[in-house]
Amino acid sequence: VIRLGVFYRNPQRPRYEETVLVPRRSTEEKIALLNQELDRYAV
Amino acid sequence: MSCSLLYAAMDDDAVYAMGDYEAAMPRWCPGCGDHGVLSSMQRLLVAEQLQREQTVFVSGIGCSSRFPHYVKTYGFHGIHGRALPIATGIKLHRPELTVFVVMGDGDCTSIGAAHWLHATRYNMDLTVLMLDNNIYGLTKNQTSPTTPQGTSSNTHPQGALLPPLNPIEATLGITNASFVAQTAEWIPGHLYATLRAAYQHKGFSFVRILQRCPVYTPGIFQLAVRQPDTVELLVHDDGVVVPELDRTYTKQLRHDPLDMDAPGAWPSPRT
């Protein structure tokens, strides 16, 4: 017997392109995040 | 408005017909299963009205890998076993593109086996067609990993020594597999419905297409072709349902595609 059809289908499985996706940020957001990081080392 | 913008606007409104996706005349042998797969794929392109400039076909090396030459979209006829790395690269850099991958059994399960394993695990949104004629055809009759045990070829004149690798069972066993299907070139309705389900799935859709090579493996699926009761269709609303086949293919099994454990409980051969 040869079985034909869909053996498995799960659309919930994680996709690589979504896992590594870097969210788009505006310039202001990037500067704010950068300042936030630099503030951690401010004396 | 510049000429290029004018053409872009016209293209957006275009309604594509079958001929709009036809490119060069296929060079495959008369009777080759590749012709049927190409027709079903062109039918899918029409049904989904895929924009030609937003669609890419990537292939490796082999008879089936001539596929990109015969579809009027973008294409990349790559190197042996490396269709999947090329396709994942395209998809990573141009995620808006629809990417199809066409490989043969030697291309995918032998030299490209490592890429097959990891591409399945990465689960990127690719529609992957593995055209399995159980032999290396382009290079003239060498044993492939799916060649049935005992089949004579140029590399094994006294018959293939090992039991064949089962691509469906292998793919089901890979971490993060998300779509695994099998269809056959001699049942066009099922082939088309399976390709469409694979295309509509968001993730790595692996479709093994059983097909005959009229030169080296003409009799390989003849029993299934002539006796439909040797074929069992897996049916489910989330899988493939083709009502027109009900009269011919009476042996059907209702299978929920979310149930990964079920195939393991089926009697051998499971696929």
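Here are a few exercises, with worked solutions, on a predicted model.

**Exercise 1.** Work out which elements chain A has, and the order in which they run from the N terminus.

*Solution.* Start with the count: chain A has one strand and two helices. Now walk along from the N terminus, and you'll meet them as β-α-α.

**Exercise 2.** Describe the box and the accessible surface of chain A.

*Solution.* Begin with the C-alpha atoms: along the principal axes, they fill a box of roughly 75 × 20 × 10 Å. Next comes the accessible surface, which is about 3500 Å². Carbon and sulfur atoms account for 54% of that surface. Then check burial: of the 43 residues in chain A, 26% are buried.

**Exercise 3.** Count the positive and negative side chains of chain A, and say how far apart the centres of the two sets lie.

*Solution.* You should find 8 positive and 6 negative side chains. The centres of these two sets are 15 Å apart.

**Exercise 4.** Find Glu17(A) and decide: is this residue buried or exposed?

*Solution.* First, locate the residue: Glu17(A) sits in helix 1 of chain A, which covers residues 16-19. Second, look at its relative accessibility, which is 12%. Buried means under 20%, so Glu17(A) counts as buried.

**Exercise 5.** List what Glu17(A) touches, beyond its neighbours within four places in sequence, and then look at its polar atoms.

*Solution.* Step one: setting those neighbours aside, Glu17(A) is in contact with Lys91(B), Asn123(B), Met124(B) and Asp125(B). Step two: take Asp125(B), whose backbone nitrogen lies 2.9 Å from a polar atom of the Glu17(A) side chain. Step three: turn back to chain A, where the side chains of Glu17(A) and Arg15(A) are joined by a polar contact of 3.2 Å.

Conventions
Residues numbered from 1 in each chain as written. Chains lettered and ligands numbered in written order. Predicted model: local features only at pLDDT ≥ 70, side-chain atom pairs only at ≥ 80, totals over all residues. Heavy atoms only, no water. Helix = DSSP H or I, 4+ residues; strand = E, 2+ residues; numbered from the N terminus. Buried < 20%, exposed > 50% of the residue type's maximum accessible area, 1.4 Å probe, protein only. Areas by Shrake-Rupley, 256 points an atom, 1.4 Å probe, with all protein chains shown as cover. Lys, Arg positive; Asp, Glu negative; His and termini not counted. Charge placed at Lys NZ, Arg CZ, Asp CG, Glu CD. Polar contact = N/O pair within 3.5 Å; in protein donor to acceptor, adjacent residues only side chain to side chain. Contact = heavy atoms within 4.5 Å.
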